[in-house]
Every structure is written in C-alpha cells, then in structure tokens.
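Below are my comments on the model you sent round. They go from the strand pairing to single residues, and each point can be read separately.

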Amino acid sequence: MNIKPLADRVLIKPNAAEEKSAGGIILPDSAKEKPLRGTVMATGKGTKDEEMVVKEGDSVLYGKYAGTEIEFEGEKYLIMRQSDILAII
C-alpha cells in the first residue's frame, strides 16, 4: 500500500453496498445504503495520548458519516481517525 496514514488515522476499504433488498429487488445506486463496515488497509503509529488499537486486516464498523472518501488507483477508500471506528468485528 502506497498510502501511509499519519498519527491516529486509519485507511479503510469499505465493503461493497448491498445490491438487492431482502425481498430480492435490485436496488439502483441512489437507493443503496452507504456501507458501515470495512477492512483496515493501513494505520498510523498513533499519538502519545492514543495508542493504535486497530491493525491491518481488521474488519471494523464505523459511523455513517465518518471519514473522508479518497480514490487511489481506481479504488475507493476512507481515511478517518481511529476514534471514528465504533468496533472491531
């Protein structure tokens, strides 16, 4: 990975949005919910006040509006502070 987050930031690859509803109806892009789950791709070293708890490969849950979306080499990622992560799955 060529992106290295600084301090207490984490780079996350969001999981794909659901393509179908529970009833099997195919959803258009505008109706798909933003995923709230992803995989940690890279982490910073943490800060003197906050130790880095998550590590590469962890599957995590994060807030609906957490992080900043970035695109790198055709892939979409989120970069956010570790404190925006709600749980490690």
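1. Terms first. Two strands are taken to pair if DSSP finds at least two bridges between them, and strands are DSSP runs of E with at least two residues, numbered from the N terminus. In S2, Val 40 is the bridge partner of Ile 12. Please keep in mind throughout that the model is predicted.

2. Overall content. The chain holds six strands and zero helices, which reads along the sequence as β-β-β-β-β-β. Of the 89 residues in the chain, 29% are buried. Among contacts with a separation of 6 or more, 64% come from residues 24 or more positions apart.

3. The sheet. The six strands make an open sheet, ordered S4-S5-S1-S2-S3-S6, with antiparallel pairing. Its edges are strand S4 (68-72) and strand S6 (85-88), each of which pairs on one side only. From one strand to the next, the twist averages 45 degrees.

4. Strand S1 and its two partners. S1 and S2 are joined by five bridges in the antiparallel sense. S1 also pairs with strand S5 (residues 75-81), again antiparallel, over four bridges. What are the bridge partners of Ile 12 in S2 and in S5? In S2 the partner is Val 40, and in S5 the partner is Leu 78.

5. The S4 and S5 hairpin. These strands pair in the antiparallel sense over five bridges. Two of the partnerships can be named: Thr 68 has Ile 79 as its bridge partner in S5, and Glu 71 has Lys 76 as its bridge partner in S5. Two residues lie between the strands of this hairpin.

6. Glu 73. This residue is found in the loop between S4 and S5. Its phi is positive, about 50 degrees, although Glu 73 is not a glycine. Most residues other than glycine have a negative phi. Is Glu 73 buried or exposed? Glu 73 counts as exposed because its relative accessibility is 65%, and the cut-off for exposed is over 50%.

7. Ala 7. A positive phi, near 50 degrees, is also found at Ala 7, a residue other than glycine. Ala 7 is placed in the segment before S1. With a relative accessible area of 32%, Ala 7 is partly exposed, a class that runs between the 20% limit for buried and the 50% limit for exposed. If you review backbone angles, Ala 7 and Glu 73 are two entries for the list.

8. Ala 16. The loop between strand S1 (9-14) and strand S2 (37-43) contains Ala 16. Ala 16 has a relative accessible area of 68% and is therefore exposed, the cut-off being over 50%. How far is Ala 16 from Arg 37 in sequence and in space? The two are 21 residues apart in sequence, and their C-alpha atoms are 8.9 Å apart.

9. Gln 82. This residue lies in the loop between S5 and S6. Its relative accessible area is 7%, so Gln 82 is buried, given a cut-off of under 20%. A polar atom of the Gln 82 side chain lies 3.0 Å from the backbone oxygen of Glu 51. Leaving aside residues up to four places away in sequence, Gln 82 touches Asp 8, Val 10, Glu 50, Glu 51, Met 52, Val 53 and Val 54. Glu 51 thus appears both in the polar pair and in the list of residues touched.

10. Rings. How many aromatic pairs are counted? The count is zero, under a rule in which ring centres must lie within 6.5 Å. There is, however, a charge over a ring: the charged end of Lys 13 sits over the ring of Tyr 77, 5.7 Å from the ring centre. The distance limit for that assignment is 6 Å.

Note on methods:
Residues are numbered from 1 along each chain as its sequence is written. This is a predicted model: local features need pLDDT of at least 70, side-chain atom pairs count only at pLDDT 80 or more; totals for chains, interfaces and linings use all residues. Side-chain values use heavy atoms; hydrogens and water are left out. Rings of Phe, Tyr and Trp (its six-membered ring) pair if their centres lie within 6.5 Å; planes under 30 degrees apart count as stacked, over 60 as edge-to-face and the rest as tilted. A charge sits over a ring if NZ of Lys or CZ of Arg is within 6 Å of the ring centre and within 35 degrees of the ring normal. Buried means under 20% relative accessible area, exposed over 50%, partly exposed in between (1.4 Å probe, protein chains only). Axes are lines fitted to C-alpha atoms, for helices over the stretch in contact, and angles run from 0 to 180 degrees between N-to-C directions. A polar contact is a pair of N or O atoms within 3.5 Å; within protein, one must be able to donate a hydrogen and the other to accept it, and residues adjacent in sequence count only if both atoms are side-chain atoms. Contact means heavy atoms within 4.5 Å.
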